[in-house]
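Student: Could you take me through one part of this model up close? I'd like to start with the charged pairs, then settle on a single helix and whatever sits around it.

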Amino acid sequence: MGTVVWPGYDNLYVAKELDYYNSTPIRLVNYSSVADQIRAFQNGELEAVALTMGDALVLSENISDLRTVLVLDSSFGADVVLAKPAIKYLGELKGKRVGVEASGLGAFMLARTLESVKLTPKMCKLFQ
């Protein structure tokens with residue numbers, strides 16, 4: 001099972017340490033990014049991945065028999081946009097270099113954030 005570093009997935013590692021999988025041979029593989037994790041899953045290197053529902057929905061566009069087998073967490077506003085101190089308002093992002101996580105959730109959050117001030121991702125200089 002592929003994971004990324006995120007506190008919500010720690011319970012998978014704790015359960016393995018405590019042998020809650022009843023000696024079932026489960027290998028947990030930690031990836032440095034969601035994109036790497038998804039690529040490994042698509043290439044058949046993994047049988048399962050721990051993903052946000054947004055990333056799972058994007059992945060399901062290419063994998064028709066994808067299944068959600070366990071929901072580990074619900075998020076209620078933990079995501080955030082960070083900016084240098086010189087940026088005081090979201091509208092000041094127009095034409096500026098903006099970084100975004102290369103994931104479905106990252107793209108969705110950026111689009112919704114920019115939409116709130118009548119901007120689009122094309123109005124910024126994006127890098128991933």
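**Salt bridges, and a close look at helix 2**

Tutor: Searching the whole structure turns up two salt bridges. Keep in mind as we go that this is a predicted model.

Let's begin with the one in our helix. Arg39 and Asp36 join their side chains in a salt bridge, at 2.7 Å from N to O. Both residues belong to helix 2, three residues apart, which is about one turn of the helix. As a rule, an α-helix has 3.6 residues a turn, so residues three or four places apart point the same way. How accessible are the two partners? Arg39 counts as partly exposed, because its relative accessibility is 44% and that class runs between 20% and 50%. Asp36 is partly exposed too, with 28% relative accessibility.

Now for the other side of the story, the buried residues. Helix 2 covers residues 34-42, and Val34, Gln37, Ile38, Ala40 and Phe41 are its buried ones. Do they scatter around the helix or line one face? Looking down the axis of helix 2, you find the buried residues within an arc of 160°, so they line one face of the helix. What does that set pack against? The buried residues of helix 2 pack against strand 1 (2-4), strand 2 and helix 3 (53-60). Just past the helix comes Gly44, with a positive phi, near 80°.

To see the packing from the partner's side, pick Leu59, which is found in helix 3. Leu59 is buried, since its relative accessible area is 2%, under the 20% cut-off. Setting aside neighbours within four places in sequence, Leu59 is in contact with Ile38, Phe41, Gln42, Leu51 and Leu66. Two of those names, Ile38 and Phe41, you've already met among the buried residues of helix 2. Take Gln42 as well: Leu59 and Gln42 are 17 residues apart in sequence, and their C-alpha atoms are 8.7 Å apart in space.

For comparison, go over to the other salt bridge. Glu115 pairs with Arg112, and their closest N and O atoms are 3.6 Å apart. Here the partners are three residues apart in helix 4, so about one helical turn separates them. Arg112 is partly exposed, at 47% relative accessible area. Thr113 also has its place in helix 4, which spans residues 104-115. Is Thr113 buried or exposed? Thr113 is buried, with a relative accessible area of 16%. Not counting residues up to four places away in sequence, Thr113 touches Val81 and Leu90.

Two more spots round off the tour. One aromatic pair comes out of a search of the whole structure. Trp6 and Tyr9 make that pair, edge-to-face, with 4.8 Å centre to centre and 70° between the planes. The two rings' residues have unlike surroundings: Trp6 is partly exposed at 34% relative accessible area, whereas Tyr9 is buried at 7%. Then there's a nonpolar surface patch of about 330 Å², made by Val14, Leu18 and Tyr20. Tyr20 sits in the loop between helix 1 (10-17) and strand 2 (29-31), and Tyr20 counts as exposed, at 59% relative accessibility. That brings us back to strand 2, one of the elements that the buried residues of helix 2 pack against.

Key
Residues numbered from 1 in each chain as written. Heavy atoms only, no water. Phe/Tyr/Trp six-rings, centres within 6.5 Å; stacked < 30°, edge-to-face > 60°. Buried < 20%, exposed > 50% of the residue type's maximum accessible area, 1.4 Å probe, protein only. Patch = residues over 30% accessible without salt bridge, like charges linked within 9 Å, V, L, I, M, F, W, Y side chains within 5 Å. Areas by Shrake-Rupley, 256 points an atom, 1.4 Å probe, with all protein chains shown as cover. Salt bridge = Lys/Arg side-chain N within 4 Å of Asp/Glu carboxyl O. Helix = DSSP H or I, 4+ residues; strand = E, 2+ residues; numbered from the N terminus. Contact = heavy atoms within 4.5 Å. Arc of directions from axis to C-beta.
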